[in-house]
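Please look through this model with me and explain how some of its labels are justified.

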Amino acid sequence: MKILISALFLMLLLPVLSIAQEANYDETKVPEFKLPDPLTTFNGKKVKSVKQWEKKRRPELLQFFTENVYGAVPGELKIHDINVVEESANALNGKAKRKQVTLTFKKDAKELDFTILMYTPKTEEKVPLFLGYNFYGNHTITEDVNVQISSAWVRDNPSFGIVNNQLTEQSRGVRTNRWALEKIIDAGYGLAVIFYCEVDPDKDDMTDGVHPFFYVDDQQQPANNEWGAISTWAWGLSRALDYFEQDADVDASKVIVFGHSRLGKTSLWAGATDQRFAGAISNDSGCGGAALSKRCFGETVARINRSFPHWFCGNFKNYSNNEQALLVDQHELIALLAPRPVYVASAEEDRWADPKGEFLSALYASPVFELYGKTGITQQEMPEVNHPIQSTVSYHIRTGVHDVTDYDWEQYIRWADNFIK
Ligand code: GCU
(Lines give C-alpha, C1' and ligand atoms only; values in the text may rest on other atoms or scores of the structure.)
Protein backbone atom coordinates (compact mmCIF):
# COMPACT_ATOMS: atom_id res chain seq x y z
CA MET A 1 0.00 0.00 0.00
CA LYS A 2 2.79 2.33 1.04
CA ILE A 3 4.58 1.65 -2.24
CA LEU A 4 1.40 2.32 -4.17
CA ILE A 5 0.89 5.67 -2.44
CA SER A 6 4.51 6.69 -3.05
CA ALA A 7 4.25 5.67 -6.70
CA LEU A 8 1.04 7.70 -7.04
CA PHE A 9 2.68 10.67 -5.34
CA LEU A 10 5.63 10.44 -7.70
CA MET A 11 3.36 10.27 -10.71
CA LEU A 12 1.58 13.41 -9.59
CA LEU A 13 4.87 15.14 -8.92
CA LEU A 14 6.56 14.21 -12.20
CA PRO A 15 4.99 16.88 -14.37
CA VAL A 16 5.86 19.53 -11.76
CA LEU A 17 9.46 18.29 -11.65
CA SER A 18 9.81 18.32 -15.39
CA ILE A 19 8.45 21.88 -15.56
CA ALA A 20 11.01 22.88 -12.93
CA GLN A 21 13.74 21.33 -15.08
CA GLU A 22 12.63 23.48 -17.96
CA ALA A 23 14.05 26.59 -16.30
CA ASN A 24 17.58 26.36 -15.01
CA TYR A 25 19.24 29.13 -13.00
CA ASP A 26 22.31 27.18 -12.00
CA GLU A 27 25.50 27.77 -14.07
CA THR A 28 26.89 24.41 -12.91
CA LYS A 29 23.87 22.70 -14.51
CA VAL A 30 24.51 24.19 -17.93
CA PRO A 31 25.16 21.09 -20.04
CA GLU A 32 28.35 20.65 -22.01
CA PHE A 33 27.52 21.73 -25.49
CA LYS A 34 29.22 22.23 -28.80
CA LEU A 35 28.18 25.28 -30.75
CA PRO A 36 28.03 25.02 -34.52
CA ASP A 37 30.61 27.21 -36.25
CA PRO A 38 28.86 29.86 -38.33
CA LEU A 39 31.77 29.69 -40.77
CA THR A 40 31.62 25.93 -41.42
CA THR A 41 28.90 24.61 -43.71
CA PHE A 42 26.58 21.76 -42.71
CA ASN A 43 28.74 19.41 -44.77
CA GLY A 44 31.94 20.52 -43.09
CA LYS A 45 33.45 23.03 -45.54
CA LYS A 46 35.24 26.07 -44.10
CA VAL A 47 33.86 29.41 -45.25
CA LYS A 48 36.75 31.74 -46.04
CA SER A 49 35.21 34.52 -48.10
CA VAL A 50 32.19 36.80 -48.14
CA LYS A 51 31.25 35.15 -51.41
CA GLN A 52 31.13 31.66 -49.84
CA TRP A 53 29.19 33.05 -46.91
CA GLU A 54 26.63 34.75 -49.13
CA LYS A 55 26.32 32.00 -51.74
CA LYS A 56 26.34 28.91 -49.55
CA ARG A 57 26.46 29.32 -45.78
CA ARG A 58 24.05 32.21 -45.23
CA PRO A 59 21.32 30.63 -47.39
CA GLU A 60 21.59 27.24 -45.67
CA LEU A 61 21.45 28.82 -42.20
CA LEU A 62 18.51 31.00 -43.19
CA GLN A 63 16.75 27.96 -44.57
CA PHE A 64 17.31 25.97 -41.39
CA PHE A 65 15.91 28.76 -39.19
CA THR A 66 13.00 29.18 -41.59
CA GLU A 67 12.02 25.52 -41.74
CA ASN A 68 12.78 24.52 -38.16
CA VAL A 69 12.53 27.53 -35.87
CA TYR A 70 10.31 30.41 -37.00
CA GLY A 71 8.50 28.97 -40.02
CA ALA A 72 8.23 30.04 -43.63
CA VAL A 73 5.93 32.78 -44.90
CA PRO A 74 3.69 30.69 -47.17
CA GLY A 75 3.15 33.28 -49.91
CA GLU A 76 3.13 36.92 -50.86
CA LEU A 77 0.67 39.56 -49.77
CA LYS A 78 1.23 43.12 -50.84
CA ILE A 79 -0.18 46.32 -49.41
CA HIS A 80 -3.59 46.92 -50.98
CA ASP A 81 -4.29 50.41 -49.63
CA ILE A 82 -2.37 53.09 -47.81
CA ASN A 83 -4.46 55.52 -45.85
CA VAL A 84 -3.01 58.47 -43.94
CA VAL A 85 -5.71 58.65 -41.27
CA GLU A 86 -4.25 61.59 -39.38
CA GLU A 87 -1.24 63.87 -39.53
CA SER A 88 0.17 66.97 -37.92
CA ALA A 89 3.15 69.17 -38.73
CA ASN A 90 3.17 70.31 -35.15
CA ALA A 91 3.18 67.44 -32.70
CA LEU A 92 4.97 66.91 -29.38
CA ASN A 93 4.74 70.59 -28.42
CA GLY A 94 5.94 71.66 -31.82
CA LYS A 95 8.96 69.37 -31.79
CA ALA A 96 7.95 66.80 -34.36
CA LYS A 97 5.70 65.75 -37.20
CA ARG A 98 3.14 63.00 -36.52
CA LYS A 99 1.49 60.65 -38.97
CA GLN A 100 -0.88 57.72 -38.50
CA VAL A 101 -0.93 55.50 -41.55
CA THR A 102 -3.15 52.47 -41.98
CA LEU A 103 -1.99 49.70 -44.30
CA THR A 104 -4.73 47.43 -45.60
CA PHE A 105 -4.28 43.91 -46.97
CA LYS A 106 -6.93 42.03 -48.92
CA LYS A 107 -7.35 38.55 -50.28
CA ASP A 108 -10.66 37.05 -51.40
CA ALA A 109 -13.12 38.14 -48.71
CA LYS A 110 -10.43 38.61 -46.09
CA GLU A 111 -9.21 41.99 -44.96
CA LEU A 112 -6.58 42.99 -42.41
CA ASP A 113 -5.19 46.36 -41.50
CA PHE A 114 -2.66 47.77 -39.12
CA THR A 115 -1.72 51.32 -38.27
CA ILE A 116 1.75 52.80 -38.11
CA LEU A 117 2.18 55.72 -35.72
CA MET A 118 5.17 57.83 -36.74
CA TYR A 119 6.91 60.80 -35.22
CA THR A 120 9.69 62.41 -37.24
CA PRO A 121 11.87 65.44 -36.57
CA LYS A 122 10.77 68.70 -38.18
CA THR A 123 13.03 68.75 -41.20
CA GLU A 124 12.63 68.61 -44.95
CA GLU A 125 15.24 65.87 -45.14
CA LYS A 126 14.48 62.18 -45.00
CA VAL A 127 15.44 60.84 -41.59
CA PRO A 128 16.75 57.53 -40.22
CA LEU A 129 14.10 55.79 -38.19
CA PHE A 130 13.62 53.27 -35.39
CA LEU A 131 10.73 50.90 -36.09
CA GLY A 132 9.27 48.66 -33.40
CA TYR A 133 6.16 46.93 -32.17
CA ASN A 134 4.44 47.84 -28.93
CA PHE A 135 2.59 45.47 -26.59
CA TYR A 136 -0.57 47.44 -25.78
CA GLY A 137 -1.44 49.77 -28.64
CA ASN A 138 0.09 52.86 -30.25
CA HIS A 139 -1.70 55.19 -27.84
CA THR A 140 0.21 53.65 -24.91
CA ILE A 141 3.63 54.92 -26.03
CA THR A 142 2.72 58.61 -25.61
CA GLU A 143 0.29 60.88 -23.76
CA ASP A 144 -0.55 62.48 -27.12
CA VAL A 145 -4.38 62.48 -27.23
CA ASN A 146 -4.39 62.52 -31.03
CA VAL A 147 -3.20 58.96 -31.24
CA GLN A 148 -6.05 56.63 -32.07
CA ILE A 149 -6.90 53.65 -29.89
CA SER A 150 -6.77 50.35 -31.69
CA SER A 151 -9.73 48.00 -31.66
CA ALA A 152 -7.63 44.87 -32.11
CA TRP A 153 -7.72 41.99 -29.64
CA VAL A 154 -5.35 42.38 -26.72
CA ARG A 155 -4.73 40.34 -23.58
CA ASP A 156 -6.65 41.73 -20.60
CA ASN A 157 -4.68 43.89 -18.20
CA PRO A 158 -7.09 45.54 -15.76
CA SER A 159 -4.38 47.80 -14.31
CA PHE A 160 -4.02 49.31 -17.80
CA GLY A 161 -7.79 49.49 -18.24
CA ILE A 162 -7.78 46.66 -20.77
CA VAL A 163 -10.94 44.67 -20.18
CA ASN A 164 -12.70 42.06 -22.30
CA ASN A 165 -9.66 42.11 -24.55
CA GLN A 166 -10.37 45.69 -25.60
CA LEU A 167 -8.19 48.77 -25.23
CA THR A 168 -9.68 51.79 -23.51
CA GLU A 169 -8.79 55.45 -22.95
CA GLN A 170 -7.44 54.45 -19.55
CA SER A 171 -4.48 52.77 -21.20
CA ARG A 172 -3.29 55.93 -22.94
CA GLY A 173 0.34 56.67 -22.14
CA VAL A 174 0.86 53.67 -19.85
CA ARG A 175 4.03 52.65 -21.69
CA THR A 176 5.68 56.05 -22.30
CA ASN A 177 8.54 54.85 -20.07
CA ARG A 178 9.58 52.30 -22.70
CA TRP A 179 9.90 54.75 -25.59
CA ALA A 180 12.33 57.64 -25.15
CA LEU A 181 10.43 59.50 -27.84
CA GLU A 182 11.80 62.99 -27.20
CA LYS A 183 15.37 61.76 -26.96
CA ILE A 184 14.94 59.95 -30.28
CA ILE A 185 13.51 63.05 -31.99
CA ASP A 186 16.14 65.35 -30.46
CA ALA A 187 18.86 63.06 -31.83
CA GLY A 188 17.45 63.44 -35.35
CA TYR A 189 15.68 60.08 -35.69
CA GLY A 190 12.11 59.19 -36.36
CA LEU A 191 10.19 56.62 -34.33
CA ALA A 192 7.51 54.42 -35.85
CA VAL A 193 5.45 51.95 -33.85
CA ILE A 194 2.80 49.35 -34.57
CA PHE A 195 0.57 47.42 -32.19
CA TYR A 196 1.69 43.83 -32.79
CA CYS A 197 -1.72 42.21 -32.18
CA GLU A 198 -3.09 44.05 -35.22
CA VAL A 199 -0.87 41.86 -37.40
CA ASP A 200 -1.49 38.67 -35.47
CA PRO A 201 -3.13 38.45 -32.04
CA ASP A 202 -0.76 36.93 -29.50
CA LYS A 203 -2.74 33.80 -28.69
CA ASP A 204 -2.59 30.16 -29.60
CA ASP A 205 -5.16 30.47 -32.34
CA MET A 206 -3.94 30.21 -35.90
CA THR A 207 -7.28 31.15 -37.45
CA ASP A 208 -6.98 34.89 -36.80
CA GLY A 209 -4.56 37.64 -37.86
CA VAL A 210 -2.73 37.22 -41.13
CA HIS A 211 -2.37 33.41 -40.94
CA PRO A 212 -5.63 32.48 -42.72
CA PHE A 213 -4.76 34.62 -45.75
CA PHE A 214 -2.59 31.77 -46.93
CA TYR A 215 -4.64 28.74 -45.96
CA VAL A 216 -5.67 26.34 -48.66
CA ASP A 217 -9.23 24.91 -48.56
CA ASP A 218 -10.23 24.23 -44.95
CA GLN A 219 -6.75 24.48 -43.45
CA GLN A 220 -6.87 25.71 -39.82
CA GLN A 221 -3.24 25.58 -38.89
CA PRO A 222 0.08 26.33 -40.61
CA ALA A 223 2.08 23.28 -41.78
CA ASN A 224 4.95 22.28 -39.49
CA ASN A 225 7.48 24.32 -41.46
CA GLU A 226 5.16 27.33 -41.86
CA TRP A 227 5.05 30.51 -39.86
CA GLY A 228 4.39 30.88 -36.18
CA ALA A 229 3.45 34.26 -34.72
CA ILE A 230 7.02 35.61 -34.63
CA SER A 231 7.29 35.14 -38.38
CA THR A 232 3.96 36.88 -38.96
CA TRP A 233 5.11 39.82 -36.83
CA ALA A 234 8.39 39.97 -38.77
CA TRP A 235 6.33 39.92 -41.98
CA GLY A 236 4.38 42.97 -40.70
CA LEU A 237 7.61 44.88 -40.08
CA SER A 238 8.68 44.23 -43.66
CA ARG A 239 5.36 45.54 -44.94
CA ALA A 240 5.90 48.71 -42.87
CA LEU A 241 9.29 49.01 -44.58
CA ASP A 242 7.55 48.65 -47.97
CA TYR A 243 5.52 51.66 -46.94
CA PHE A 244 8.55 53.69 -45.75
CA GLU A 245 10.07 53.23 -49.21
CA GLN A 246 7.39 55.60 -50.44
CA ASP A 247 7.14 57.94 -47.45
CA ALA A 248 8.61 61.41 -48.00
CA ASP A 249 9.88 61.77 -44.42
CA VAL A 250 11.80 58.52 -44.03
CA ASP A 251 15.16 57.38 -45.35
CA ALA A 252 14.16 53.78 -46.01
CA SER A 253 17.80 52.73 -46.30
CA LYS A 254 18.25 53.66 -42.64
CA VAL A 255 15.44 51.88 -40.85
CA ILE A 256 16.57 50.14 -37.66
CA VAL A 257 14.26 47.44 -36.41
CA PHE A 258 13.86 47.39 -32.63
CA GLY A 259 12.08 45.05 -30.27
CA HIS A 260 11.80 44.09 -26.62
CA SER A 261 11.39 40.55 -25.35
CA ARG A 262 9.14 38.49 -27.69
CA LEU A 263 9.26 41.49 -29.97
CA GLY A 264 13.07 41.44 -29.76
CA LYS A 265 12.99 37.85 -31.02
CA THR A 266 10.86 39.32 -33.78
CA SER A 267 13.21 42.21 -34.60
CA LEU A 268 16.13 39.80 -35.03
CA TRP A 269 14.11 37.53 -37.28
CA ALA A 270 12.87 40.53 -39.29
CA GLY A 271 16.45 41.76 -39.72
CA ALA A 272 17.59 38.29 -40.76
CA THR A 273 14.84 37.76 -43.32
CA ASP A 274 14.73 41.26 -44.76
CA GLN A 275 18.13 42.64 -45.67
CA ARG A 276 16.65 46.06 -46.39
CA PHE A 277 16.70 46.74 -42.63
CA ALA A 278 19.81 48.79 -41.88
CA GLY A 279 20.29 47.28 -38.44
CA ALA A 280 18.52 45.46 -35.62
CA ILE A 281 18.18 45.85 -31.87
CA SER A 282 17.32 43.00 -29.54
CA ASN A 283 16.31 44.28 -26.11
CA ASP A 284 16.13 41.44 -23.56
CA SER A 285 14.96 38.98 -26.22
CA GLY A 286 16.09 35.80 -24.43
CA CYS A 287 15.13 32.30 -25.53
CA GLY A 288 14.40 32.06 -29.25
CA GLY A 289 15.94 35.53 -29.61
CA ALA A 290 19.53 36.41 -28.80
CA ALA A 291 20.14 33.79 -26.07
CA LEU A 292 21.89 30.53 -26.96
CA SER A 293 19.42 27.64 -26.80
CA LYS A 294 22.04 24.98 -26.09
CA ARG A 295 23.00 26.59 -22.77
CA CYS A 296 19.56 25.71 -21.42
CA PHE A 297 19.77 28.57 -18.91
CA GLY A 298 16.70 30.49 -17.80
CA GLU A 299 13.84 29.81 -20.19
CA THR A 300 14.45 26.73 -22.32
CA VAL A 301 13.15 25.58 -25.69
CA ALA A 302 10.82 23.07 -24.01
CA ARG A 303 9.42 25.73 -21.74
CA ILE A 304 8.83 28.33 -24.44
CA ASN A 305 7.22 25.79 -26.74
CA ARG A 306 4.87 24.76 -23.96
CA SER A 307 3.94 28.26 -22.75
CA PHE A 308 3.80 29.88 -26.18
CA PRO A 309 3.11 27.07 -28.68
CA HIS A 310 2.08 29.57 -31.34
CA TRP A 311 5.30 31.64 -31.48
CA PHE A 312 7.51 29.22 -33.41
CA CYS A 313 6.79 26.74 -36.17
CA GLY A 314 5.61 23.18 -35.51
CA ASN A 315 9.05 21.74 -36.29
CA PHE A 316 10.63 23.70 -33.42
CA LYS A 317 8.82 21.36 -31.00
CA ASN A 318 11.24 18.63 -32.12
CA TYR A 319 13.91 20.44 -30.12
CA SER A 320 12.10 20.64 -26.77
CA ASN A 321 14.49 19.00 -24.28
CA ASN A 322 16.54 18.19 -27.35
CA GLU A 323 18.48 21.41 -27.95
CA GLN A 324 21.70 19.57 -28.70
CA ALA A 325 20.11 18.16 -31.87
CA LEU A 326 19.67 21.66 -33.32
CA LEU A 327 22.02 22.18 -36.27
CA VAL A 328 22.11 25.91 -35.45
CA ASP A 329 22.09 28.14 -32.42
CA GLN A 330 21.02 31.72 -31.94
CA HIS A 331 24.48 33.25 -32.58
CA GLU A 332 23.86 32.22 -36.18
CA LEU A 333 20.62 34.19 -36.21
CA ILE A 334 22.68 37.24 -35.27
CA ALA A 335 25.25 36.32 -37.94
CA LEU A 336 22.46 36.51 -40.53
CA LEU A 337 22.40 40.27 -39.86
CA ALA A 338 26.02 40.70 -41.02
CA PRO A 339 27.47 43.02 -42.12
CA ARG A 340 24.69 45.29 -40.84
CA PRO A 341 25.00 46.64 -37.29
CA VAL A 342 23.25 44.67 -34.56
CA TYR A 343 22.77 45.51 -30.90
CA VAL A 344 22.10 42.90 -28.22
CA ALA A 345 21.09 44.22 -24.80
CA SER A 346 20.45 42.44 -21.52
CA ALA A 347 19.39 43.40 -18.00
CA GLU A 348 21.19 42.17 -14.91
CA GLU A 349 18.10 40.87 -13.12
CA ASP A 350 16.58 39.35 -16.24
CA ARG A 351 17.98 35.87 -15.67
CA TRP A 352 14.98 34.30 -17.43
CA ALA A 353 16.43 35.74 -20.69
CA ASP A 354 19.97 34.50 -19.86
CA PRO A 355 22.19 37.61 -20.21
CA LYS A 356 25.31 35.48 -20.52
CA GLY A 357 23.78 33.44 -23.33
CA GLU A 358 22.83 36.70 -25.06
CA PHE A 359 26.40 37.99 -24.74
CA LEU A 360 27.90 34.73 -26.03
CA SER A 361 25.62 34.84 -29.06
CA ALA A 362 26.90 38.30 -29.97
CA LEU A 363 30.47 37.12 -29.38
CA TYR A 364 30.19 33.92 -31.44
CA ALA A 365 28.41 35.70 -34.28
CA SER A 366 31.32 38.13 -34.58
CA PRO A 367 33.60 36.12 -36.95
CA VAL A 368 30.99 36.56 -39.69
CA PHE A 369 31.07 40.34 -39.26
CA GLU A 370 34.87 40.20 -39.25
CA LEU A 371 34.78 38.40 -42.58
CA TYR A 372 33.30 41.65 -43.93
CA GLY A 373 36.05 43.70 -42.25
CA LYS A 374 33.69 44.91 -39.51
CA THR A 375 34.39 44.83 -35.80
CA GLY A 376 32.42 42.37 -33.73
CA ILE A 377 32.76 41.69 -30.02
CA THR A 378 36.48 41.31 -29.37
CA GLN A 379 36.54 40.45 -25.67
CA GLN A 380 35.76 36.95 -24.42
CA GLU A 381 34.40 38.07 -21.05
CA MET A 382 31.09 39.79 -20.45
CA PRO A 383 31.53 43.53 -19.91
CA GLU A 384 30.74 45.02 -16.53
CA VAL A 385 27.21 46.16 -15.89
CA ASN A 386 26.50 49.56 -17.52
CA HIS A 387 29.69 49.39 -19.62
CA PRO A 388 28.45 48.98 -23.20
CA ILE A 389 30.67 47.54 -25.91
CA GLN A 390 29.87 49.38 -29.09
CA SER A 391 30.97 48.28 -32.54
CA THR A 392 29.14 46.83 -35.52
CA VAL A 393 28.11 44.11 -33.08
CA SER A 394 27.22 45.80 -29.80
CA TYR A 395 26.30 44.53 -26.38
CA HIS A 396 25.38 45.91 -23.00
CA ILE A 397 24.04 44.63 -19.75
CA ARG A 398 22.47 47.28 -17.57
CA THR A 399 21.30 47.23 -13.98
CA GLY A 400 17.66 46.45 -13.42
CA VAL A 401 14.93 44.18 -14.64
CA HIS A 402 13.34 42.99 -17.87
CA ASP A 403 12.24 46.29 -19.43
CA VAL A 404 13.22 49.05 -21.86
CA THR A 405 14.69 52.11 -20.18
CA ASP A 406 16.03 55.52 -21.17
CA TYR A 407 19.49 54.10 -20.52
CA ASP A 408 18.89 51.48 -23.23
CA TRP A 409 17.70 54.11 -25.70
CA GLU A 410 20.65 56.40 -24.97
CA GLN A 411 22.99 53.55 -25.95
CA TYR A 412 20.98 52.67 -29.08
CA ILE A 413 21.06 56.29 -30.24
CA ARG A 414 24.83 56.58 -29.68
CA TRP A 415 25.41 53.30 -31.56
CA ALA A 416 23.11 54.36 -34.40
CA ASP A 417 24.94 57.71 -34.64
CA ASN A 418 28.22 55.85 -35.16
CA PHE A 419 27.21 52.87 -37.21
CA ILE A 420 24.02 53.75 -39.09
CA LYS A 421 23.37 57.46 -39.38
C1 GCU B 1 7.70 35.56 -21.38
C2 GCU B 1 8.46 34.60 -22.27
C3 GCU B 1 9.69 35.24 -22.90
C4 GCU B 1 9.32 36.54 -23.56
C5 GCU B 1 8.56 37.43 -22.60
C6 GCU B 1 7.98 38.70 -23.21
O7 GCU B 1 8.46 35.85 -20.25
O8 GCU B 1 8.79 33.48 -21.50
O9 GCU B 1 10.27 34.38 -23.84
O10 GCU B 1 10.47 37.18 -24.06
O11 GCU B 1 7.44 36.73 -22.09
O12 GCU B 1 7.84 38.79 -24.41
O13 GCU B 1 7.60 39.57 -22.45
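The questions below concern the ligand site and the main sheet.

Q: What makes the approach of the S261 side chain to an oxygen atom of the ligand a polar contact?
A: In this predicted model, an N or O atom in the side chain of S261 is 2.7 Å from an oxygen atom of the ligand, and since a polar contact is a pair of N or O atoms within 3.5 Å, the pair qualifies. The same reasoning covers K265, with a polar side-chain atom 2.9 Å from a ligand oxygen, and W352, whose side chain has an N or O atom 2.9 Å from an oxygen atom of the ligand. The protein buries 82% of the 320 Å² that the ligand exposes when taken alone.

Q: Which residues surround the ligand, and how do they divide by character?
A: The ligand is surrounded by S261, R262, K265, E299, I304, F308, W311, W352 and H402, and this shell divides into four nonpolar, two polar and three charged residues.

Q: Why are β2 and β11 called edge strands?
A: In the open sheet, nine strands follow the order β2-β3-β4-β6-β5-β7-β8-β10-β11 with mixed pairing, and β2 (81-91) and β11 (393-398) each pair on one side only.

Q: How do you know that β8 and β10 are paired?
A: Pairing requires at least two bridges found by DSSP, and four bridges join β8 (residues 279-283) to β10 (residues 342-347), therefore the two strands count as paired. They run parallel, and S282 stands opposite V344 in β10.

Q: Which strands does helix α5 touch as it packs on the sheet?
A: Helix α5 (residues 262-273) touches β5, β7, β8 and β10, and its direction makes about 145 degrees with that of β7.

Key
Residues numbered from 1 in each chain as written. Predicted model: local features only at pLDDT ≥ 70, side-chain atom pairs only at ≥ 80, totals over all residues. Heavy atoms only, no water. Near = heavy atom within 4 Å. Polar contact = N/O pair within 3.5 Å; in protein donor to acceptor, adjacent residues only side chain to side chain. Areas by Shrake-Rupley, 256 points an atom, 1.4 Å probe, with all protein chains shown as cover. Nonpolar A, V, L, I, M, F, W, Y, C, P; charged D, E, K, R; others polar. Contact = heavy atoms within 4.5 Å. Axes fitted to C-alpha atoms, helices over the stretch in contact; angles between N-to-C directions.
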